[in-house]
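This briefing covers how the chains are arranged and where the parts touch. The sequence and structure come first.

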Number of protein chains: 2
Amino acid sequence: MKKIFLIALSFSSLLIFSQTDEDVIKTIYKQSLTNGKSYDWLNYLSNQIGSRLSGSLGAEKAVTYTKEELEKLGLDKVWLQPVMVPKWVRGAKEFAYIESAPGKTTTVNICALGGSVATPALGIKAQVVEVKNFEELEVLGKENIEGKIVFFNRPMQADLIHTFEAYGGCVNQRAQGAVQAAKYGAIAVIVRSMNLRLDDFPHTGNMNYGDLPVEKRIPSAAISTNDAELLSAMLTLNNNIKFYFKQNCKQLKDVESHNVIGEITGSEFPNEYMVVGGHLDSWDLGDGSHDDGAGVVQSMDVLRLLKESGIKPKRSIRVVLFMNEENGLRGGRKYAEVAKQKGENHVFALESDSGGFTPRGFSFDCTDAVFEQVLSWQSLFKPYLIHYFEKGGSGADVGPLKTESNVLAGLRPDSQRYFDHHHASNDTFDAINKRELELGAATMTALVYLFDKYGVNPITNSKKIKN
Amino acid sequence: MKKIFLIALSFSSLLIFSQTDEDVIKTIYKQSLTNGKSYDWLNYLSNQIGSRLSGSLGAEKAVTYTKEELEKLGLDKVWLQPVMVPKWVRGAKEFAYIESAPGKTTTVNICALGGSVATPALGIKAQVVEVKNFEELEVLGKENIEGKIVFFNRPMQADLIHTFEAYGGCVNQRAQGAVQAAKYGAIAVIVRSMNLRLDDFPHTGNMNYGDLPVEKRIPSAAISTNDAELLSAMLTLNNNIKFYFKQNCKQLKDVESHNVIGEITGSEFPNEYMVVGGHLDSWDLGDGSHDDGAGVVQSMDVLRLLKESGIKPKRSIRVVLFMNEENGLRGGRKYAEVAKQKGENHVFALESDSGGFTPRGFSFDCTDAVFEQVLSWQSLFKPYLIHYFEKGGSGADVGPLKTESNVLAGLRPDSQRYFDHHHASNDTFDAINKRELELGAATMTALVYLFDKYGVNPITNSKKIKN
């Protein structure tokens with residue numbers, strides 16, 4: 001019986017080794033599209049667990065659930081890596097209105113920014129100063145800002161094709177707006193949501209006070225794009241209107257949480273590690289399906305798809321589900337710290353944290369030689385409409401793993417709809433298309449397969465081949 | 001005053017001619033993303049007019065509305081082209097159930113297929129024979145089919161990356177299922193919806209009886225994918241279960257409708273025509289936002305974006321909003337017929353009829369020489385993530401314009417979500433993303449700009465340049 005099994009095993013190994021890369025990649029895509037698990041996993045994560053802000057019950061449930069699911073896959077190892085994370089809670093839902101005259105109010109949609117302090121219990125009401133950037137604050141100066149609410153209203157730039165660029169061009173309003181406005185005596189900050197669409201959803205996201213003393217910290221909230229337009233229009237008519245808001249958020253003590261890790265140990269180079277990952281935490285308004293439930297389940301499916309496709313990796317492939325990307329990056333830092341302590345050689349790390357939309361390709365943080373190698377694989381991806389291979393960023397969680405010689409990469413899905421949902425209450429499972437999610441998982445698996453097979457150091461490899 | 005105007009005009013012309021293709025295309029995309037009209041037009045078409053089945057009030061309102069909107073653009077000509085179209089009406093909503101035992105029924109979601117006859121007034125109830133294809137019908141033969149309802153249940157193939165291929169592999173069940181099943185004495189046909197997703201929406205679409213005599217025509221309906229799975233599972237448990245359905249559709253007499261046409265007359269080659277178009281009619285269940293409201297408004301915006309970008313075309317550019325693509329193609333045929341009668345030289349025609357999703361590129365029906373020319377433009381499209389340039393089909397409405405030397409093309413948007421909505425009641429405006437729609441309009445405009453500038457006959461052109 002054992003002998004037959006071994007023969008069967010050798011035969012299946014032979015089968016794989018006699019297959020071309022085209023064949024293997026075709027099998028990977030077929031497996032994902034007809035037998036993928038990512039959509040079912042995400043359904044559970046989004047609809048049974050829901051939002052997963054660091055330190056929340058949802059985050060802890062997600063740790064337990066994904067660990068259990070990884071254990072079912074028959075990987076070589078599955079474990080939890082402890083990490084202390086910040087715990088910020090929103091408290092009761094925020095409330096805000098524009099007061100155009102005493103007693104004449106219009107309710108608007110806001111949400112506290114992550115990390116913000118609360119307003120006083122009765123809320124804050126004050127005049128509003130609208131600005132587009134920090135330079136305008138400086139021009140206005142303390143005499144025009146003190147005692148007022150600063151309203152940052154620079155929209156995302158619509159004519160940028162890469163929406164992440166448009167995000168990058170605006171996000172300092174959210175992240176540093178409070179610190180900058182506090183310099184001039186502002187008593188609160190309202191920030192236009194990072195959203196390319198005009199709608200009613202306020203989008204949260206992290207802000208920080210830097211080294212601002214506790215007593216100088218001012219509350220900071222996001223306002224929906226529709227209401228940002230309304231507020232701006234009302235200010236144009238009458239700059240004496242007042243804005244009222246109340247929020248009830250709180251920073252609690254750090255708590256322990258975990259990165260969730262699974263591994264297929266490499267058959268030839270077990271001490272060379274390749275990571276695929278996404279972040280398990282999410283913001284608290286939606287269920288985090290796109291940010292980053294999608295990346296989590298795709299990364300889990302990479303290891304499963306390798307196994308289901310009969311691929312036995314030479315290197316150790318790890319899935320890492322990072323905790324606390326959104327408001328601290330503690331999980332990503334902890335993983336890299338432990339890897340360094342243990343002297344683990346991380347040759348490759350791929351993150352999926354740009355939504356579960358149709359994959360278009362990857363961006364790479366690597367040497368020119370490796371990038372040449374990547375470009376030589378382009379035709380393998382063409383049947384799957386994967387065409388984007390560019391140098392650029394990878395992912396926040398894998399960033400701390402960067403060395404001079406290793407390869408970091410980020411999955412690049414279609415980004416046009418991403419900021420419609422990002423950090424808002426409509427980042428929910430119904431915005432996920434099963435096929436798009438599965439195509440992403442397959443695309444990641446194909447890249448991992450190629451880097452495992454050909455290595456991440458083309459020169460050394462070709463030497464090896466010559467020897 | 002006039003002189004100043006002329007000087008300004010010459011200056012703006014100079015400006016365009018001194019611009020590189022890169023600059024012009026950048027302007028086109030910027031115009032579409034910051035100043036596009038396609039989304040507003042589609043909002044009206046979808047939410048104020050709604051569904052536009054040929055011969056319906058909605059179709060006629062759409063003719064009037066789009067003509068008026070084209071007239072506002074200051075084109076050189078706008079007109080209606082009469083065309084007789086079929087008029088099929090659904091009547092009262094369909095009703096269907098599976099009867100597992102007398103009195104034990106489960107309601108299921110169906111809709112009549114376009115062109116189908118009604119059931120008798122009391123409906124049809126009969127046993128069900130499930131098949132995957134026409135060959136199985138032949139094997140089963142009259143003895144197993146006569147007096148029963150044939151249930152075509154071949155799903156779309158999930159591992160095909162191009163979802164239109166998966167559609168092509170299934171649609172004969174819908175189009176010819178009734179004629180094929182009638183041969184063996186079936187009394188009705190139920191067809192699994194052409195949908196890659198499992199959900200509750202039945203998807204309509206055209207079917208035809210060929211030359212089957214009226215008295216032999218059997219009613220034909222689509223069932224949602226969830227209910228197709230249910231019916232199939234119930235048949236596996238008990239193949240004596242019965243299926244009941246009632247539908248109330250009717251084919252009326254042909255009525256007059258119109259293609260809507262607008263033109264910018266060419267400055268150098270006014271007798272060379274370039275067409276951009278989509279079809280104005282839609283199915284009746286949703287509001288036809290993706291099929292093909294998107295193509296209509298994008299095509300309208302092509303002419304507007306050319307003007308707004310300061311491009312004065314050498315050839316005559318026409319937008320044609322075709323009537324009756326869905327159940328007759330009468331508009332496409334009429335347009336080509338009139339063009340032929342008038343001896344109009346149509347050198348190029350581009351259709352957008354694959355949904356309003358992120359554009360990926362084009363397919364071309366053209367000579368190898370022209371295709372070489374197209375490939376030489378690829379780098380111009382790269383900044384906009386437009387990478388798909390392949391030989392293949394164009395669009396149903398422009399098909400009749402094909403000659404040996406002209407160029408037909410089809411916009412190819414991302415197709416993963418298309419069949420979630422196609423011909424179903426969820427083909428609605430909320431499934432449209434403004435940016436994706438605008439990127440499509442810009443991409444079409446850029447292609448029209450290039451073909452107008454460089455012509456569609458590379459050999460003749462290079463000769464011209466030499467002379």
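In this predicted model, chain A divides into two domains: domain 1 takes in 18-88 + 253-466, and domain 2 takes in 91-248. The points below begin with these domains and then turn to the pairing of chain A with chain B.

**Domains of chain A**
- The C-alpha centres of domain 1 of chain A and domain 2 of chain A are 34 Å apart.
- Contact between these domains involves 15 residues of domain 1 of chain A and 18 residues of domain 2 of chain A.
- On the domain 1 side of this contact in chain A, helix α13 (residues 418-421) gives the most, with 3 residues.
- That side of domain 1 of chain A consists, by class, of 6 nonpolar, 7 polar and 2 charged residues.

**Symmetry of the two chains**
- A turn of 180 degrees, with a shift of 0.0 Å along the axis, lays chain B on chain A with an RMSD of 0.0 Å.
- The two copies are therefore related as by a two-fold rotation axis.
- Within chain B, the residue that comes closest to the rotation axis is B:H387, whose C-alpha is at 3.5 Å.

**Contact between the chains**
- Chain B and chain A put 23 residues each into the contact.
- On the side of chain B that touches chain A, the elements giving two or more residues are α2 (21-35) and α14 (434-454) of chain B.
- The largest share of that side of chain B comes from α2(B), with 4 residues.
- By class, the side of chain B that touches chain A has 9 nonpolar, 5 polar and 9 charged residues.
- The copies meet through the same surface, because 100% of the interface residues of chain B are also interface residues in chain A.

Terms used. Residues are numbered from 1 along each chain as its sequence is written. Chains are lettered from A and ligands numbered from 1 in the order in which they are written. This is a predicted model: local features need pLDDT of at least 70, side-chain atom pairs count only at pLDDT 80 or more; totals for chains, interfaces and linings use all residues. Copies are superposed by least squares on the C-alpha atoms of residues with pLDDT of at least 70 in both. Two residues are in contact if their C-beta atoms, placed from the backbone, lie within 7 Å. Domain bounds come from an automatic or database domain assignment. Ala, Val, Leu, Ile, Met, Phe, Trp, Tyr, Cys and Pro count as nonpolar, Asp, Glu, Lys and Arg as charged, and the others, Gly among them, as polar.
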